[in-house]
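The exercises below are meant to be worked with the sequence and the model side by side. Each task is followed by a solution that proceeds in steps.

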Amino acid sequence: MMVAEEWARAIGHDPARGRFSLLVEGHEGFVDYLLDGSTMTITHTVVPAPIGGRGIAAALVRAALDHARAQGWRVVPRCSYADAWMRRHPEYEGLRADAPPPPASGGRGGERGSPWGRG
């Protein structure tokens with residue numbers, strides 16, 4: 001069974017479809033988003049039941065948010081899962097479109113310990 005770091009390395013990003021996805025045991029989990037200028041609206045997080053309960057949804061949302069941070073985008077988590085995940089991970093709250101922008105340099109940001117890197 002894969003662990004979070006392995007999920008992260010296996011996540012694909014298809015900007016043309018606005019999707020981060022992960023194929024596990026023949027099932028695709030994904031996060032869909034819309035991009036309007038520099039605002040990413042996360043619309044859906046879907047993980048089929050046969051592969052649920054393994055942290056896949058969390059890995060997908062984290063990958064989407066890490067990508068948004070690397071691009072300098074703001075995020076609207078319209079999907080209830082993504083919204084709840086962000087609330088549980090305050091290091092990502094500054095990405096919200098309705099939050100004050102993060103400090104331009106230095107600051108504490110949410111980069112600490114992220115296995116997903118930038119981009």
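**Exercise 1. With which residues is Ile 42 in contact, leaving aside its neighbours within four places in sequence?**

Solution. The model is a predicted one, and local features are read only where pLDDT is at least 70. Step one is to list the contacts: once the neighbours within four places are set aside, Ile 42 touches Val 31, Asp 32, Tyr 33, Ala 64, Leu 65, Val 75, Val 76, Pro 77, Arg 78, Cys 79 and Ala 82. Step two is to look at the strand pairing around Ile 42. Tyr 33 has Ile 42 as its bridge partner in E4, and Ile 42 in turn stands opposite Pro 77 in E5. Step three is to place Ile 42 in the interior: the largest nonpolar core holds 26 residues, and Ile 42 is listed with Phe 20, Met 40, Leu 65 and Val 75 as having the most contacts inside it. Strands E2 (19-24), E3 (27-36) and E4, together with helices H2 and H3 (80-88), each supply at least two residues of this core, and H2 gives the most, with 8 residues.

**Exercise 2. Establish the order of the elements and the sense in which the strands pair.**

Solution. The chain has 3 helices and 5 strands, and from the N terminus on they follow the order α-β-β-β-β-α-β-α. The pairings can then be taken one at a time.

- E2 and E3 are antiparallel over 6 bridges, and in this pairing Arg 19 stands opposite Asp 32 in E3.
- E3 and E4 also run antiparallel, joined by 7 bridges, with Met 40 in E4 as the bridge partner of Leu 35.
- E4 (residues 39-46) and E5 (residues 74-77) run parallel and are joined by 4 bridges, and Thr 39 has Arg 74 as its bridge partner in E5.

The last step concerns the connection between the parallel strands: the chain passes from E4 through helix H2 (residues 56-71) to E5, giving a β-α-β crossover that is right-handed.

**Exercise 3. Which residue takes a positive phi in the hairpin of E2 and E3?**

Solution. The hairpin of E2 and E3 has 2 residues between the strands, and the residue sought is Glu 25, whose phi is near 50 degrees. The background is that most residues other than glycine have a negative phi. Glu 25 has a positive phi although it is not a glycine. Its surroundings can be checked next: Glu 25 lies in the loop between E2 and E3, and its relative accessible area of 56% puts it above the 50% cut-off, so it counts as exposed. For the hairpin of E3 and E4, which likewise has 2 residues between its strands, the turn contains Gly 37 with a positive phi of about 65 degrees.

**Exercise 4. Are Ala 63 and Asp 66 buried or exposed?**

Solution. Both residues belong to helix H2, as the placements of Ala 63 and Asp 66 show. Buried requires a relative accessible area under 20%. Ala 63 has 10% and is therefore buried, and Asp 66, with 5%, is therefore buried as well. A further step is to see what lies around each of them. The side chain of Asp 66 makes a polar contact with the side chain of Tyr 92, at 2.6 Å. The C-alpha atom of Ala 63 is separated by 9.3 Å from that of Val 31, which is 32 residues away along the chain. For the chain as a whole, 42% of its 119 residues are buried.

**Exercise 5. Describe the geometry of the aromatic pair formed by Phe 20 and Tyr 33.**

Solution. A pair of aromatic rings is described by the distance of the centres and the angle of the planes. The whole structure yields 3 aromatic pairs. For Phe 20 and Tyr 33, the centre-to-centre distance is 5.7 Å and the planes make an angle of 40 degrees, a tilted arrangement. The pair links distant parts of the chain, since Phe 20 sits in E2 and Tyr 33 in E3, 13 residues apart. Both Phe 20 and Tyr 33 are buried. Finally, ring pairs join Phe 20, Tyr 33 and Trp 73 into a cluster.

Notes: Residues numbered from 1 in each chain as written. Predicted model: local features only at pLDDT ≥ 70, side-chain atom pairs only at ≥ 80, totals over all residues. Heavy atoms only, no water. Pairing = 2+ DSSP bridges. Right-handed = clockwise from strand over helix to strand, strands pointing away. Core = buried A, V, L, I, M, F, W, Y, C linked by side-chain atoms within 4.5 Å. Buried < 20%, exposed > 50% of the residue type's maximum accessible area, 1.4 Å probe, protein only. Contact = heavy atoms within 4.5 Å. Polar contact = N/O pair within 3.5 Å; in protein donor to acceptor, adjacent residues only side chain to side chain. Phe/Tyr/Trp six-rings, centres within 6.5 Å; stacked < 30°, edge-to-face > 60°.
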